[in-house]
Structure formats: structure tokens, C-alpha cells
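Reader: I have a new model on my screen and would like a guided tour. Please take me through the fold and then some individual residues.

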Amino acid sequence: MKKIVIIYCHPYNKSFNHAVLEQVTTTLTQQDFEPQVIDLYADHFNPAYDQAELRLFHDGKTHDPLVTNYLQILKNADGVIFITPVWWNSIPGMLKGFIDKVMKEGEGLSHTVTRTGIKGELTNLRHAYVFTTSTSPTLYLKFICGNAIKKIFINKTLKQLGIHSGKWFNLGGITNSSLVKRQRYLSTCSKMTFNF
């Protein structure tokens, strides 16, 4: 049974993002995957570096036990799913801090730095899915705001970590969305065939 890690980034457990988390977890289980959730807010993850953490960075070390635990979970998984809102046209600071702190430089960690750039070490994570919600319409994010989720987060950041393919699903206009529109998005999540 393939292990899939879900990185969930939302502070409110009554949010629509939480409904997406529940639906995606159910869908994975029905498709014989073994989901494991990293809930950044529930874990009280601190996304900010302090001096001690930064001092350990180039040695691939940390003084935060959550960082060690999260990286081990990622290294033992077969795929990854991110569930997060889009804030200010990109990922929230909490999720950015997760990437900053958990992705450790060093052989056998998340990436190594070579003369030609970054070499991803998380090649066990063959595919990523990114489920988001946004106040802005999806077309606005894609064509006016630079498409940061697809072009930067998926095609650059995740690829640098060794995750070579990813798909993005967004529910835009969430603030004024109808019940029908939200249910349609959850239905998409329930009917999706995950390929890891």
C-alpha cells in the first residue's frame, strides 16, 4: 500500500480547505492508499528560522523535532498532496516556512547543491497534487498574477526537491462561491483517480 503524505495548511477546522482535506483523505483511502496528514497549524509548527536553526542549516541539522519528523515522513512516502489557501497570490507564510525549514541541504536529505544548481533528493515523491482555494478567480491568478502556484511552487520549487510532476486544482472566488460550486469542487476531489 502506497503511503501518501498530505501537507495541510489552514488554521480553521471549519474552513472549506478542511472539507477538501476530509474528502481527499477519504478518496485516497478508497483507492487503497495510506494517507498521513501533516497539519501544520494543529502541530503548532513554527515556520520562522531562529539563529540556532540557521546556524545548523548547512550541516543539514535542526533543533526542531517537527522538522526531523516531517522530513522523515516525506522520505518514506510515495507521493505528496498539498491542501492550502492562496494568500496574496501565492502560498501562505506557514507553508513557505515549511519549505524553508524542513527542506534540508545534504546527501540523503531533501536536496544537494551542485555546481550546476540544486539536485532534488526526494525522488521517491513521484508526483504532487496541489489543492487550493482563493478569493481571486483562478483565471486572474493564472494570467494576471503570474501563476505562482504552477510556475513557481510546482514547476520550480517542488521540481528542485526531486518531485518532477504536479497538478494544481483551484477553487477561485471562494468568498462569494455558491454551495453548488463548492460541492462541485468536492465532487471533483471524490472522483479523482490519484496516480502516484
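Author: Happy to! Accessible areas here come from the Shrake-Rupley method with a 1.4 Å probe, and for residues only the protein chains shown count as cover. This is a predicted model, in which local features need pLDDT of at least 70 and side-chain atom pairs count only at pLDDT 80 or more, while totals for chains, interfaces and linings use all residues. Residues are numbered from 1 along each chain as its sequence is written, and side-chain values use heavy atoms, leaving out hydrogens and water.

Reader: What share of the area that the chain exposes do carbon and sulfur atoms supply?

Author: The chain exposes about 10,300 Å². Of that area, carbon and sulfur atoms supply 53%.

Reader: In what pattern do the helices and strands follow along the sequence?

Author: Helices (DSSP runs of H or I, at least four residues) and strands (runs of E, at least two) are numbered from the N terminus. The chain has seven helices and seven strands. Read along the sequence, their pattern is β-α-β-α-α-β-α-β-β-β-α-α-β-α.

Reader: What is the radius of gyration of the chain, set against that of a compact globule?

Author: The C-alpha atoms fill a box of roughly 50 × 40 × 35 Å along the principal axes. The radius of gyration is taken over C-alpha atoms, and the globule rule is 2.2 Å times the number of residues to the power 0.38. For 196 residues a compact globule would come near 16 Å, and the chain agrees with that, at 17 Å.

Reader: How much of the contact in the chain joins residues 24 or more positions apart?

Author: Contact means heavy atoms within 4.5 Å. Taking the contacts with a separation of 6 or more, the share from residues 24 or more positions apart is 78%.

Reader: How far apart do the centres of the positive and negative side chains lie?

Author: Lys and Arg count as positive and Asp and Glu as negative, without His and the chain ends; each charge is placed at NZ of Lys, CZ of Arg, CG of Asp or CD of Glu. There are 22 positive and 14 negative side chains, and the centres of the two sets are separated by 11 Å.

Reader: What is the reach of helix α1 from its first C-alpha to its last?

Author: Helix α1 covers residues 16–30, which makes 15 residues. The expected span is 1.5 Å times one less than the number of residues. Helix α1 is close to its expected 21 Å, with a reach of 21 Å.

Reader: What covers the buried residues of α1?

Author: Buried means under 20% relative accessible area, exposed over 50% and partly exposed in between (1.4 Å probe, protein chains only). The buried residues of α1 include F16, V20, L21, V24 and L28. Their cover includes β1 (3–8), β2 (34–39), β3 (79–85), β6 (128–133), β7 (166–171) and α7 (179–191).

Reader: Which residues are in contact with L186, leaving aside its neighbours within four places?

Author: L186 sits in helix α7. Its C-alpha is 8.5 Å from that of V24, although the two are 162 residues apart in sequence. With neighbours within four places left aside, the contacts of L186 are F16, A19, V20 and Q23.

Reader: Is H44 buried or exposed?

Author: H44 lies in the loop between β2 and α2 (51–56). Its phi is positive, about 55°, although H44 is not a glycine. Most residues other than glycine have a negative phi. At a relative accessible area of 70%, H44 is exposed.

Reader: And N147, buried or exposed?

Author: N147 is in the loop between α5 (138–143) and α6 (148–160). N147 also has a positive phi, near 55°, in a residue other than glycine. With a relative accessible area of 11%, N147 is buried.

Reader: Which residues is L158 in contact with, beyond four places in sequence?

Author: L158 lies in helix α6 and counts as buried, at 1% relative accessibility. Its C-alpha is 9.2 Å from that of L122, 36 residues away along the chain. Leaving aside neighbours within four places, L158 is in contact with F82, A128, F153 and I163.

Reader: What does I152 touch, not counting residues up to four places away?

Author: I152 lies in helix α6. At 48% relative accessibility, I152 counts as partly exposed. Not counting residues up to four places away, I152 touches N147 and T157.
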